[in-house]
Amino acid sequence: MQGILEKIKNAKSSQELEALKVEVTGKRGVITLAFGELKNLNGEEKKQKAQELNLFKQEYERVFEEKKSEIEQKELLEKLQKEKIDVSLLAQNHFGKPHYVNLMIEKIIDYFSLLNFEVCEGSLVEDDFHNFEALNIPKFHPARDMQDTFYTKDQKLLRTHTSPVQIHTMQGKKPPLRMIAPGAVFRRDYDLTHSPMFHQVEGLMVDEKGKISFANLKFILEDFLKYIFGEVKVRFRSSFFPFTEPSAEVDISCVFCKGEGCRVCSHTGWLEVLGCGMVNDNVFSAVGYENVSGYAFGLGVERFAMLYYGVGDLRSFFEVDLRG
Ligand code: DAH
C-alpha cells in the first residue's frame, strides 16, 4: 500500500492524481477493499488492523491534499503563462482608420483646391466682431444669445460657424480671392441631431464688381454636389442669411430613395445640404472692401458624411467604436 503513496507523490497532473484517488478510495480502491476485509478478522487483530488502516488513510489524505494543491498551483501558473497578453505588442488586425469627418473634409478640399481655392483655418476662439458684427448679424439676433453661443470670461466666444474666417481672410488680403475654411464650430445644442461641436466648411470667392454672379455660384455648387454625391438633382430655394443677399438654400435629390420619398428625406424626395448667397455689401464695408462682388457658402460636414457614408446617427461620429 505504501507504493501508492509514492505514486501520488510523483503524480504530474491533476488527471493522474484523480486516477490515483480512484485506485485508493474508489469502489475497488485499496483502502476500500482493506476496510472490507476487516470483517474477516476478530478481536485484537481486527482492532490493530483497523488502527493501521486509519493511520494509512490519514497519511494518504495528507499526501493527496499536498500534491493536489501543488499541482493546482503549477497548472494555474502554466495557464497564466499561456494566456498572457502582451499589451505592448502592435495590434495585428486592427489598424486605425481616418475619421469619416476628416475623409469628407479631404474630399471637399480636393475639389476646391483644383479650382485654386486657398484652404484657410482661422481660430476656434473668436470675438463678437468677427463671428457676428462684421457678418451683418444684428445685436438682437438669437444666435448671439447665451442660450446658443459659448462665451468665455473675457468677452470672447467659441465660433458658432466658420463664416468668421471670411472676415479674417478679407482683412488680411486684397481682392480677388478664393478660399475655403474647414473646421470645428460650437453651439449650445445637444440632442439626436445636434452636437455641441461639429464641423463646417465655409467658402468665399470675391473679385471686382460685376465679375462674379449668382450664376457662377450656382454652377460651381451644382458641379461640387455632383462631384461628392454622384448623379443627384440639385435645386436652389430662396432663403435668408444676414451675410448674403440674395441668399439660397441648396437641396439635392435624396441619396437614399433617389427622390421617391423616404423616412430620411421626410418623404419630400429632397435633402437640404448647404446655405449660400451673394456676399452682402455690409460685410464688404465691415472689412473695407469697395467695388467688389462675391459669393459665399457654408455646409455641415457631419451631414455630408452621414449622407455619403450612410451613417444613421450623428452621435456615432463622436463616440469610441472600434468596429471597422
Ligand atoms: N454660417 C451659416 C451657418 O452656420 C452657413 C452659411 C450659410 C454660410 C450661407 C454662408 C452662407 O457663407 O452664404 O448656418
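A good place to start is the ligand: one of its nitrogen atoms sits 3.0 Å from an N or O atom in the side chain of Ser163. That pair is a polar contact, defined as two N or O atoms within 3.5 Å; within protein, one must be able to donate a hydrogen and the other to accept it, and residues adjacent in sequence count only if both atoms are side-chain atoms. Taken alone, the ligand exposes 360 Å², and the protein buries 88% of that. These accessible areas come from the Shrake-Rupley method with a 1.4 Å probe, and for residues only the protein chains shown count as cover.

Before going further, please keep in mind that this is a predicted model, in which local features need pLDDT of at least 70, side-chain atom pairs count only at pLDDT 80 or more, and totals for chains, interfaces and linings use all residues. Residues are numbered from 1 along each chain as its sequence is written, and side-chain values use heavy atoms, with hydrogens and water left out.

Back at the ligand, an oxygen atom lies 3.0 Å from an N or O atom in the side chain of Gln200. The backbone takes part too: a polar backbone atom of Phe297 is 3.4 Å from a ligand oxygen. Which residues come nearest? Of the 15 around the ligand, they are His161, Ser163, Arg187, Gln200 and Glu202; a residue is near a molecule or strand if one of its heavy atoms lies within 4 Å of it.

Now zoom out to the whole chain. The domain assignment gives domain 1 (2–84) and domain 2 (100–317), with bounds that come from an automatic or database assignment. The centres of domain 1 and domain 2, taken over C-alpha atoms, are 82 Å apart. For residues 46–77, an unreviewed UniProt entry lists a "coiled-coil region"; UniProt positions are given in the numbering used here, feature names are shortened, and annotations may be inferred rather than shown by experiment. In the model, the span 46–77 is 100% helix and 0% strand, and its end C-alpha atoms lie 46 Å apart. Helices (H or I, at least four residues) and strands (E, at least two) are DSSP runs, numbered from the N terminus.

Next comes the sheet. Seven strands form an open sheet in the order S1-S4-S5-S9-S8-S7-S6, with mixed pairing; two strands pair if DSSP finds at least two bridges between them. Strand S1 (118–119) and S6 are the edge strands, each pairing on one side only.

You can walk inward from S6. Strand S6 (residues 234–241) runs antiparallel to strand S7 (residues 244–253), and seven bridges join them. The link between S6 and S7 is a hairpin through two residues. Along this pair, Val234 stands opposite Ile252 in S7, and Phe236 has Val250 as its bridge partner. S7 is then joined to S8 by eight bridges, again antiparallel, with Asp251 partnered by Glu272 in S8. Strand S8 (residues 270–279) is mostly covered, as eight of its 10 residues are buried; buried means under 20% relative accessible area, exposed over 50%, and partly exposed in between (1.4 Å probe, protein chains only). On its other side, S8 pairs with strand S9 (residues 292–300) in the antiparallel sense over five bridges, and Gly277 faces Ala296 there.

Two buried helix residues are worth a look. Leu307 is in helix H10 (residues 301–309) and counts as buried because its relative accessibility is 8%. The C-alpha atoms of Leu307 and Phe229 are separated by 8.5 Å, although the residues are 78 apart along the chain. Asn131, in helix H6 (residues 128–131), is buried because its relative accessibility is 0%. A polar contact of 3.0 Å joins the side chains of Asn131 and Thr160.

Finally, the backbone has some unusual spots. Most residues other than glycine have a negative phi, and most peptide bonds are trans. Where are the cis bonds here? One joins Pro175 and Pro176, with omega about 5°; Pro176 lies in the loop between helix H7 (164–172) and strand S4 (177–186). Another joins Glu245 and Pro246, with omega about -5°, and Pro246 is in strand S7. As for phi, Asn136 has a positive value of about 65°, in the loop between H6 and strand S3 (157–158). Asn291 has a positive phi near 50°, and with 62% relative accessibility Asn291 counts as exposed.
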